[in-house]
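This report looks at how helices and strands pack in one chain. Please view the structure below before reading on.

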Amino acid sequence: MLKILICLFCCLAASLATSATTTKPTVKWGVSANPSFTTVATTRTKGADQLLPMVINTWNFTQANALAWRILKQSEGGLRQTRNAVVEGCTKCEQLQCDGTVGYGGSPDELGETTLDALVMDGATMKVGAVAGLQGIRDAIRVARHVLEHTSHTMLVGNSATEFAKAMGFRPESMVTPESKIMWEHWKAGNCQPNFWNDVHPDPKISCGPYAPKATPLTRWKEDRARTEYHIGQQNHDTIGMIAIDVHEHIHVGTSTNGARHKIPGRVGDSPIPGAGGYADNEVGAAVATGDGDIMMRFLPTLLAVEAMRNGKTPAQAAEAGIQRILRHHRDFSGAVIAVNRQGQYAAACYGMAEFPFVVSSPLQTTSVETAKCLPTLTDVDLVPLTKAT
């Protein structure tokens, strides 16, 4: 009888041990919602299916995301592939001329020329390679990568960036297409409307230049009114911003854009500026932004988002912090911020549009388009001074 009892006890102990080692931890799914936006959020528990590696990018540029994800999966866990993923993912958008706002043949400036801006940032070394006002070279983000890998500089601009690209073996090509030429001709025929000039003569609201300064003080109200007339939206949002993270939480960020349509030649927006268009830090996470670059670059919203996560904020809180900082000064503004922590949890916040789409790929989902609901539009209230009763 004693032998039987001992045998039964051993069997029971073995059964309990097997159960303890084969029980699968769960992945918690939820929806993070507040009055600002709603977006899918994930929580990784120890031992659960990984959220990493992952790729996320602004707008519904699915082909760019799919290529980046395919590159990331070429090594186990995406190791040593995050830079390749963001560079080639954004390159795909440049080649597809995504929505006419990325790559050649879009957003002609006042002279009818298309110029490109791009950035690559390494979250391990904090090194950045960027180009701005790149002329005659279609591979903007690949050139930015060469700035990162083959120079001690952070950014090259204009004709000098083009000469650098040629030296690195890039082939000069025309940036103008029949479509961009027609777009520019229609703009000229419409008295150059809209444009980005303020307080000059002749009146930029009814005529083309050349312009000269007008002796009146600048006001932010006039600046914002002009920017509102130039609508930033789905077909004029300027940027693809992409984040890739591997299983060792190594992060790269990439951006690419052809800038604002009908911009003054020489204008550079937020996309190639570290902390504005994108920012990455392996210790914390990363963020990318899109929208009205002339305003957004003044507030460095992606740096703000990453630093907010460093201080304990969730990606949702961090993304909204970047938007809210801008809204304290500019209410006639349109843009969005995506924030991702180093574990792969993400969120987006936006303003000035009804909703903002973005694309995510991870072990839990592949090339999934998600949508963030944007902050309600704020309106200025004119205060009427009280007068004493007579």
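## Helix 3 and helix 4

Helix 3 and helix 4 run roughly antiparallel to each other. The model is predicted. The axes of helix 3 (residues 82-96) and helix 4 (residues 140-150) cross at roughly 150°. An angle over 145 degrees counts as roughly antiparallel, so the pair falls in that class. The two axes come within 8 Å.

Helix 3 contributes R83, N84, V86, V87, E88, C90, T91, E94 and Q95 to the contact. They meet A140, I141, R142, R145, L148 and E149 of helix 4. By type, the residues of this contact divide into 6 nonpolar, 3 polar and 6 charged.

## The sheet

An open sheet is built from 8 strands, with mixed pairing. The strand order is 6-5-4-10-9-3-15-16. Strand 6 (155-157) and strand 16 (365-373) are the edges, and each pairs on one side only. From one strand to the next, the twist averages 10°.

Strand 9 (residues 240-245) pairs with strand 10 (residues 251-257). Their sense is antiparallel, over 6 bridges. I240 has S256 in strand 10 as its bridge partner.

## Helices on the sheet

Helix 2 (residues 62-72) lies across strand 3 (54-58), strand 9, strand 15 (355-362) and strand 16. Helix 2 runs at about 160° to strand 3.

Helix 3 also packs on the sheet. Helix 3 touches strand 4 (116-122), strand 9 and strand 10. The direction of helix 3 makes about 155° with that of strand 9.

Definitions and conventions: Residues are numbered from 1 along each chain as its sequence is written. This is a predicted model: local features need pLDDT of at least 70, side-chain atom pairs count only at pLDDT 80 or more; totals for chains, interfaces and linings use all residues. Side-chain values use heavy atoms; hydrogens and water are left out. Axes are lines fitted to C-alpha atoms, for helices over the stretch in contact, and angles run from 0 to 180 degrees between N-to-C directions. Helices (H or I, at least four residues) and strands (E, at least two) are DSSP runs, numbered from the N terminus. Angles under 35 degrees count as roughly parallel, over 145 as roughly antiparallel, 65 to 115 as roughly perpendicular and the rest as oblique. Contact means heavy atoms within 4.5 Å. Ala, Val, Leu, Ile, Met, Phe, Trp, Tyr, Cys and Pro count as nonpolar, Asp, Glu, Lys and Arg as charged, and the others, Gly among them, as polar. Two strands pair if DSSP finds at least two bridges between them.
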